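Here is my note on this model, set out as numbered points. Please read it with the structure open.

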Amino acid sequence: MSVRITGTGSYIPKSIEKNEDFHQHQFLNIDGSSIDYPNEVIVEKFKAITGIVERRYADPQLTSSDLGFLAGQKAIEDANIDPEEIDYIICAHNFGDVKANTVQSDILPCLASRIKHRLRIKNPKCVAYDILFGCPGWVEGVIQAKAFIKAGMAKKCLVIGSETLSRVVDKHDRDSMIYSDGAGATIVEASDEEGGILAHESASFTYDEAYYLFFGNSNNKDLDNDTRYIKMHGRKIYEFALSNVPQAMKACLDKSGVDISDVKKVLIHQANEKMDEAIIKRFYRLYKAEAPEGIMPMSIHKLGNSSVATVPTLFDLIVNNKLDDHSIKKGDVIIFASVGAGMHINAFVYKY
């Protein structure tokens, strides 16, 4: 028995926020002081580092669970399964439902329960729960689904990654330009076909690294001190990722028994173009090899960093031939990998 992804779906918001839209923002330093150069320069430097040209924001009437429902619905339709046969709904997110123009997160009930409710699934044995694992949440959800299936506890699981980061960013922080909204979903199920998930790897680095991403005050000291926003130590995250993600990917690939030359695609969390490129280069150097051209598809340029949604959304775009110059065919070996708040790292090797 193998564990395969049999259906995919995503929800990409229609509202586009371009880099030029940030030219009128008031960006400030951490201490609240003014930045010495104009926004046009700030935005251009940001683009050079991250590769982001535009990002997507959810419509005001939609919350993260709404996005997750819409993506999950597509995945169920794509897999052509009866929703009542789903044994687990696993929803990865970081901030719950944050309504537009509010600052309070709502996770009662959990997002997975809300999504199950929206899907109108009656079966009480379909267990719905959330996973808080930073940006690697969807990958970890797939790993957990595999474990349930291998243990005989499930046959079909719906794994969703959904986020509305645009509602938890500090608009006075330059890092706010990275974040976006979106949702991706997959049906993971037992199969008699060969292939599927061949190996996985997970790790949590918390001794020194736990608070590289955190909730903090706005750079604008005139705002309410009790309101918190997503913050990060960008340089520390960059150095951490380059030191640890390639090693985790190698451990996973070695465990799978697949040769590096047989890997067709690496779908890595869309966090930062320069960082992802450096991770791939270091990964291939561990095998004394050069990264092949086109090995790493990117969606960050147009979609930004939607945290848990980036990897499943990227996968859905590719399998549906919606990402130029990239495709996946039967038998291709893919590495899925992510890194994020916690600090967590994970990966799995998959034979399509």
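1. Helix 6 has these buried residues: Glu273, Met275, Asp276, Ala278, Ile279, Ile280, Phe283 and Tyr284. They pack against helix 1, helix 5, strand 11, helix 7 (300-303) and strand 12. Bear in mind throughout that this is a predicted model.

2. The length of helix 6 can be checked. With 13 residues at 1.5 Å a residue, helix 6 should span 18 Å, and because its end C-alpha atoms are 18 Å apart, the two agree.

3. Which residues touch the most other members of the largest nonpolar core? They are Met249 and Val263, in a core of 54 residues. At least two residues of this core come from each of helix 1 (39-50), strand 10 (229-232), helix 5 (234-256), strand 11 (263-268), helix 6 (273-285), strand 12 (333-340) and strand 13 (344-351). Helix 5 gives the largest share, 9 residues. As background, nonpolar side chains tend to be buried together in soluble globular proteins.

4. Val263 deserves a look of its own. Setting aside neighbours within four places in sequence, Val263 is in contact with Leu253, Tyr284, Ile295, Val333 and Ile335. Tyr284 is also among the buried residues of helix 6. Another core, of 33 residues, lies apart from the largest one; Ala92, Val188, Ile197 and Leu303 are among its members.

5. Strand 11 and strand 12 belong to an open sheet of 4 strands, ordered 8-13-12-11, with mixed pairing. Strand 8 (196-204) and strand 11 are the edge strands, each pairing on one side only. On average, neighbouring strands of this sheet are turned by 15° against each other, direction ignored.

6. Within that sheet, 5 bridges hold strand 11 and strand 12 in parallel pairing. Leu267 has Phe336 of strand 12 as its bridge partner. Helix 8 (residues 310-319) lies across both strand 11 and strand 12, and runs at about 140° to strand 11.

7. What is the strand order of the open sheet of 5 strands? The order is 1-7-6-4-5, and the pairing is mixed. At its edges are strand 1 (2-11) and strand 5 (127-131), each of which pairs on one side only. The twist from one strand to the next averages 20°.

8. Strand 6 (residues 156-164) and strand 7 (residues 181-191) run antiparallel and are joined by 9 bridges. Glu163 stands opposite Gly182 of strand 7. Helix 2 (residues 64-79) packs on the sheet, where it touches strand 1, strand 6 and strand 7; the direction of helix 2 makes about 130° with that of strand 1.

9. Strand 4 (residues 88-92) runs parallel to strand 5, with 5 bridges between them. One bridge pairs Tyr88 with Val127 in strand 5. Together with helix 3 (residues 111-119), strand 4 and strand 5 make a β-α-β unit, and this unit is right-handed.

10. Helix 3 has Leu111, Ala112, Arg114, Ile115, Lys116 and Leu119 as its buried residues. The list includes Arg114 and Lys116. These buried residues pack against helix 2, strand 4, strand 5 and strand 6. Arg120, just after helix 3, takes a positive phi of about 60°.

Terms used: Residues numbered from 1 in each chain as written. Predicted model: local features only at pLDDT ≥ 70, side-chain atom pairs only at ≥ 80, totals over all residues. Heavy atoms only, no water. Core = buried A, V, L, I, M, F, W, Y, C linked by side-chain atoms within 4.5 Å. Buried < 20%, exposed > 50% of the residue type's maximum accessible area, 1.4 Å probe, protein only. Contact = heavy atoms within 4.5 Å. Pairing = 2+ DSSP bridges. Axes fitted to C-alpha atoms, helices over the stretch in contact; angles between N-to-C directions. Right-handed = clockwise from strand over helix to strand, strands pointing away. Expected span 1.5 Å × (residues − 1).
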